[in-house]
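Let's work through some exercises on charged side chains that pair up. Try each task yourself before you read its solution.

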Amino acid sequence: EDWDLAALVVWRPPAEPVRLANHAPRPGELLTIAGYGRGTYRQVSGRCTQYYSPRIDLPKELVELDVQARQGDSGGPIFNDRGELAGVLFGAGQGTTIGSFEGRVKTFLASLAPDIGQPRDDAPRVALAPIEPAPETHSSAGRLLAARPAPTQPPVNEVATLRNSTNLNQNDNVSAPLAGVSWDAARNILAVVGVVSLLVQLVKWAG
């Protein structure tokens, strides 16, 4: 909650996963944010400026860059100039964007599975490995991919106290179609479910 991070287990798509950066962004380093705010994809680049802390008793592991995300971009990636995940954005304001840097993301992912990043016989990808879902939903297809956690830290000489910023999660309402299902098909399915539910209620009232 303090770092505004969440994880989803999804069916592994036929695409190479994004790699987690091996070092924290430094002030002046080029960073790029991307997202689907307001339903349209956009990526824009800026420079890393400094680091913040969400509270005075927490480490300064929120990275800031000098370009502003849009409403609805929260949860989107912060890429470095090598296309690696340098952070996950969640807030914006006054022409800047703030997100949890890659070290905090690794710590969070490691808390979900102690063997994250360990090589597996059925997943020979270099530097990446799956997190198995819970036992009751075990499937060789449902996986979360991430890199091995590394003890990286933000630069110690460039820190500051977190100022007020807009949390983009508060009003995020951009939705996406079900994976593999078109909008028309999804609407039809929901319509059928609604009709069935109405019929069930009518039968109960009639009884």
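**Exercise 1.** Find how many salt bridges the structure holds.

*Solution.* Start with the rule: a salt bridge is a side-chain nitrogen of Lys or Arg within 4 Å of a carboxyl oxygen of Asp or Glu. Now apply it, and you get nine salt bridges. Keep in mind that this is a predicted model, where local features need pLDDT of at least 70, side-chain atom pairs count only at pLDDT 80 or more, and totals for chains, interfaces and linings use all residues. Residues are numbered from 1 along each chain as its sequence is written, and side-chain values use heavy atoms, with hydrogens and water left out.

**Exercise 2.** Work out which parts glutamate 61 and arginine 104 tie together.

*Solution.* Step one: their side chains meet in a salt bridge, 2.8 Å from N to O. Step two: glutamate 61 sits in the loop between strand E3 (42-52) and strand E4 (62-65), and arginine 104 in helix H1 (residues 102-112), so the pair links parts 43 residues apart in sequence. Here helices (H or I, at least four residues) and strands (E, at least two) are DSSP runs, numbered from the N terminus.

**Exercise 3.** Decide whether glutamate 61, arginine 104, arginine 82 and aspartate 81 are buried or exposed.

*Solution.* Cut-offs come first: buried means under 20% relative accessible area, exposed over 50%, partly exposed in between (1.4 Å probe, protein chains only). Glutamate 61 has 7%, so it's buried. Arginine 104, at 16%, is buried too. Arginine 82 has 44%, so it's partly exposed, while aspartate 81, at 53%, is exposed.
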